[in-house]
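Dear colleague,

I am passing the structure below on to you, together with some notes on what turned up when I went through it. Please read them with the coordinates open beside you.

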Amino acid sequence: MSTPTLSDDDVRRTRVAAQLLHRPGRTRPAVADLVAQLPALQAQDIAAAPLALRARARGLTAADVTAAREDRSIVRAWGPRGTLHLIAADDLAWLIALVGPAGTDGAMRRLKQEGVAGTSEELVRIAERALAGQGPLTKAQLGDRLAALGCPAKGQGIVYMAFLAAARGTVVLGPDRANRPTYVYTADWLGRELRPEADRDKALRELARRYLRAHAPAGPEDLAAWAGLPLRDTRTPWAAIADELTEVDHGGRPLWRPRQSAPRPARVAVALLPAFDEYLLGWRDRALVLDGAHSRKILPGGGILHPSVMADGRLVGRWRPTREGPIAVDLFDADNAVDKATLRAETEDIARFYMQDQRGKEGRHDATG
């Protein structure tokens, strides 16, 4: 049997469908189910993460995302690539066990620069003692607790102390306070300790399956880039599930997609994606979706990724909120054939997304005086 050949458009449209950017289904899904489908959602910019979920489900509101964090069905934690993600609570144990340890050597170097002394094991124990039984603590409160335990961490040193324990799965982020994160002992927050999958090879196979479900067609190099894992840790499980996959050819490069329940290509006229969206971060190479001539308009450097306008799988512009109105759109090419009615509907949907959440806040304010 010959290997199917996919064009650039085929690959883009299949990935759009895998990423749920065509918003399948008529009813809004549970937020935890949506997050699990991805299987983790970049959330270093906590204001952007809910908008990434909006772009993938009909009728979802910011209040739904807030409620999912409050009922603890999703958790903000350090995940793939050592960056903050939203992760379904049911996936935390096995996923953190695979990707959580990444970056701890860097954290230890930064702690040494911050004047925090001790081995990794010692500092993890101190961070756990500082948080256990205390409830969510702000950065300042955690700093006070660390100082009381003889570990006077300051500034980013406090965050890196939390990160070390988070790599073991014993610390996650709690609810935001005044748009700032809090830190909490995992067992206190979830009512249970995380019990990682004992069989690492089995967990890696599950990671490969789950990654492909949201990113196919893709290759093991893409999974390595997304997860922050060595290539050897993605090639082996990829080969182990080969009988579940179909190989395709994309410009001479082999890619794979699930044999069962493979995503069907989908065209999306226009979608407004937030900063740090998974559609830009999910593969090794962005060239397929973002023309190099416009790359710096979305990725200017310094760890910044601007919100983008996607049309049929390509990033064709960027957008931002304004004081005069909700959205200002800057298309890269003035003559770009973007459907204006769909673009207007997208801007209106972002306003709708926040409306219920704002009403809820106003109601809580009125009720409490």
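Helices here are DSSP runs of H or I with at least four residues, numbered from the N terminus. On that numbering, leucine 20 sits just after helix 1 and takes a positive phi of about 65 degrees. Please bear in mind throughout that this is a predicted model.

Helix 1 itself deserves some attention, since 8 of its 11 residues (residues 8–18) are buried, so that the helix is largely enclosed by the rest of the structure. The buried residues are Val11, Arg12, Arg13, Thr14, Arg15, Val16, Ala17 and Ala18. Threonine 14, which lies in this helix, has a relative accessible area of 3% and is therefore buried, the cut-off being under 20%. Leaving aside residues up to four places away in sequence, threonine 14 touches Ala216, Pro217, Pro263 and Pro265.

Turning to the interior, the largest nonpolar core has 54 residues, and those with the most contacts inside it are Leu207, Tyr279 and Met310. At least two residues of this core come from each of strand 2 (74–78), helix 5 (92–99), helix 10 (186–190), helix 11 (200–215), helix 12 (220–227), strand 9 (271–273) and helix 14 (278–281), with helix 5 giving the most, namely 7 residues. If residues up to four places away in sequence are not counted, methionine 310 touches Val16, Leu21, Val268, Ala269, Val270, Ala271, Leu273, Tyr279 and Leu315. A second core, separate from this one, has 30 residues, among them Leu34, Leu38, Leu53 and Ala57.

As for open space, the second largest pocket holds about 220 Å³. It is lined by 13 residues, of which Gln44, Arg76, Trp78, Leu84 and Pro181 are the closest to its centre, and the lining divides into 7 nonpolar, 3 polar and 3 charged residues.

Finally, a word on confidence. The protein chain averages a pLDDT of 91, and 94% of its residues score at least 70. Among the elements of the chain, strand 6 (residues 182–185) has the highest mean pLDDT, at 98, whereas helix 16 (residues 340–367) has the lowest, at 72. Over residues 362–369 the pLDDT stays under 50, and the model has 0 contacts for them beyond four places in sequence. Where pLDDT is low, the predicted coordinates should not be read in detail.

With best wishes

Key
Residues numbered from 1 in each chain as written. Predicted model: local features only at pLDDT ≥ 70, side-chain atom pairs only at ≥ 80, totals over all residues. Heavy atoms only, no water. Core = buried A, V, L, I, M, F, W, Y, C linked by side-chain atoms within 4.5 Å. Buried < 20%, exposed > 50% of the residue type's maximum accessible area, 1.4 Å probe, protein only. Contact = heavy atoms within 4.5 Å. 1 Å grid on protein atoms, 1.4 Å probe; cavity = no way out; pocket = protein on both sides within 12 Å on 5 of 7 lines; lining within 4 Å. Points joined across faces, edges and corners; volume = space filled by probe spheres on them. Nonpolar A, V, L, I, M, F, W, Y, C, P; charged D, E, K, R; others polar. pLDDT = per-residue confidence, 0-100.
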